[in-house]
Amino acid sequence: MRGAMGEQAPFGPPPDADAIEAIARATIAKLPAPFAAHLGDVVLRVEEYADDETLAALGLDHPLDLTGLYHGRPIGEKSAFDSAAMPDRIHLYRQAILAEWCESGERLDDLVAHVTIHEIGHHFGLSDADMHALEDSVVDP
């Protein structure tokens, strides 16, 4: 495996949930203020895999097929009656992210940023094009 600059990457244990969460939080910290201001109540969780119920609800057969998921109602669809609802949540699935990282050769921080921003995009009701533009604004070249 080669690193970003072509150097041999050291072998060791795969990044743990705390490392994935740190990358996701660093990504969130780089968001423009109008986005960051609306994420304070969103819960970020890193789990090993999506559970069977989640996979079934999405019509997925294998837990490595899902790298992240947003649970909640997009901001534009919220109402005053949502106050008793569960907080919005972004789930990142570590094993699926690591599998994609190994398969794609993409930098881990870029991949985690991509998944994190995609799920944040669902929170804001963004289109795929808007999600890509937001990602371009926070991912280091």
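Which side-chain oxygen reaches to within 3.2 Å of a backbone nitrogen at the start of helix 1? In this predicted model, where local features need pLDDT of at least 70, side-chain atom pairs count only at pLDDT 80 or more, and totals for chains, interfaces and linings use all residues, it belongs to D16, and the nitrogen is that of D18. Residues are numbered from 1 along each chain as its sequence is written, and side-chain values use heavy atoms, leaving out hydrogens and water.

Helix 1 covers residues 17-29 (helices being DSSP runs of H or I, at least four residues, and strands runs of E, at least two, numbered from the N terminus). At 1.5 Å a residue (times one less than the number of residues), its 13 residues should span 18 Å, which agrees with the 18 Å between its end C-alpha atoms. Its buried residues (under 20% relative accessible area, 1.4 Å probe, protein chains only) are I20, I23, A24 and T27. These fall within an arc of 95° seen down the helix axis (from directions to the C-beta atoms), so they line one face of helix 1. On the other side, D18 and A29 are exposed (over 50%). The cover over the buried residues includes strand 1 (43-47), strand 3 (89-93) and helix 5 (108-124).

I20 also belongs to the largest nonpolar core (buried Ala, Val, Leu, Ile, Met, Phe, Trp, Tyr and Cys residues joined through side-chain atoms within 4.5 Å). Among the 22 residues of this core, I20, I90, L92, I97, L108 and V112 touch the most other members. Helix 5 gives the largest share, seven residues. Apart from this core lies another, of six residues, including L55, L69, Y93 and A96.

Conventions. Contact = heavy atoms within 4.5 Å. Polar contact = N/O pair within 3.5 Å; in protein donor to acceptor, adjacent residues only side chain to side chain.
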